[in-house]
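Q: Walk me through this structure feature by feature. Give me the rule, then the case.

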Amino acid sequence: MDDDAAASASKKRKRDEPEAPDPPTTRDGIGGGDEGLDLISRLPDELLGTIISLLPGTKEAARTAILSSRWRHLWRTTPLSLVVDCGLSGQERNRIAIVSKILAAHPGPAHRLFLSDIRLSRDRYGKFNGWFRSPSLDGLEELDFTSSGDTFCWDRRTRPPRPLPPSVLRFAPTLRAASIGCCDFPEINAAPALVLPRLKQLSLYEVAISEAAIHR
């Protein structure tokens with residue numbers, strides 16, 4: 001009798017205990033833990049956009065579009081961080097073409113523009129001016145512009161003039177940091193004087209700038 005009662009009680013306990021959950025299913029539909037799960041793609045778009053914005057270069061950020069359909073639109077909805085240097089392309093003419101394509105494809109706004117290793121020559125003045133006027137760069141917060149592909153700047157007394165397009169001044173309301181070198185700063189004729197309400201850091205080196213422009 002005691003054995004029968006113990007067996008009956010054991011069966012009752014088993015019926016009352018909750019069933020253990022099934023192991024998680026992998027992408028192939030086979031149980032076995034979290035192997036094969038794309039956990040990063042499960043994050044919301046806002047976090048994925050932050051991850052993309054922290055990648056070291058523009059090429060790496062744009063390449064995320066090939067990961068899957070889930071990632072395809074994310075680069076274009078993330079604030080643009082455009083780094084133009086030798087890492088983008090080895091040849092200067094290729095870098096110019098790539099920059100134009102990126103600005104045409106990305107709707108903005110922009111977080112950072114690092115523009116180096118492309119000379120600001122007279123025949124490219126219109127190209128630079130068009131880039132700075134692009135809606136993709138609306139809201140630009142960080143600007144690093146050096147109009148030389150050389151490792152050093154030429155003496156401004158002997159080098160040809162390299163006037164910075166005045167269109168770069170349109171970023172004044174949103175810029176937090178700016179570094180400009182190896183060019184001629186434009187005259188500031190607007191009234192009132194140029195206002196940089198959010199600027200925290202400004203670096204000017206090897207720049208020809210008038211005293212009037214400094215005061216403005």
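A: Start with a rule on cysteines: a disulfide is a pair of cysteine sulfur atoms within 2.5 Å. By this rule the count here is zero. One more point before we go on: this is a predicted model, where local features need pLDDT of at least 70, side-chain atom pairs count only at pLDDT 80 or more, and totals for chains, interfaces and linings use all residues. Residues are numbered from 1 along each chain as its sequence is written, and side-chain values use heavy atoms, with hydrogens and water left out.

Q: Why does C183 form no bond with the closest cysteine sulfur?
A: The closest cysteine sulfur belongs to C182, and it lies 7.5 Å from the sulfur of C183, too far for a bond.

Q: Is C183 buried or exposed?
A: Burial is read from relative accessible area: buried means under 20%, exposed over 50%, and partly exposed in between (1.4 Å probe, protein chains only). C183 is buried, at 0%. Across the protein chain, 33% of the 216 residues count as buried.

Q: How many helices and strands does the protein chain have?
A: Both are DSSP runs, numbered from the N terminus: helices are H or I with at least four residues, strands are E with at least two. The protein chain has seven helices and five strands. Along the sequence the pattern reads α-α-α-α-β-α-β-α-β-β-β-α.

Q: In what order do the strands form the sheet?
A: Two strands pair if DSSP finds at least two bridges between them. Here five strands form an open sheet, ordered β1-β2-β3-β4-β5, with parallel pairing. β1 (80-84) and β5 (201-208) stand at the edges; each has a single partner strand, so one side of each lacks a neighbour in the sheet. Neighbouring strands are turned by 10 degrees against each other on average, direction ignored. For such angles, axes are lines fitted to C-alpha atoms, for helices over the stretch in contact, and values run from 0 to 180 degrees between N-to-C directions.

Q: Which bridges involve β4?
A: Five bridges join β3 (residues 142-146) to β4 (residues 177-184), running parallel. Among the pairs, F145 has I180 as its bridge partner, and T146 stands opposite G181. β4 also pairs with β5 in the parallel sense, over seven bridges. There, S179 partners S203. As for cover, seven of the eight residues of β4 are buried.

Q: What is the volume of the largest pocket?
A: First, the search: on a 1 Å grid over the protein atoms alone, a cavity is a set of points where a 1.4 Å probe fits but cannot get out, while a pocket is an open set with protein on both sides within 12 Å along at least five of seven lines; lining residues have an atom within 4 Å of a point. Points are joined across faces, edges and corners, and a volume is the space filled by probe spheres set on them. The largest pocket has about 260 Å³. It is lined by 19 residues; L169, F185, L194, L196 and L202 are the closest to its centre. β4, β5 and α7 (211-215) each give two or more residues to this lining.

Q: Which classes of residue line the largest pocket?
A: Ala, Val, Leu, Ile, Met, Phe, Trp, Tyr, Cys and Pro count as nonpolar, Asp, Glu, Lys and Arg as charged, and the others, Gly among them, as polar. The lining has 18 nonpolar, no polar and one charged.

Q: How many cavities does the search find?
A: Two of 30 Å³ or more. The second largest holds about 40 Å³. Its lining is L82, V99, L103, L113, L115, W131, F132 and L137: eight nonpolar, no polar and no charged. α5 (92-105), β2 (110-115) and α6 (125-132) each supply at least two of these residues.
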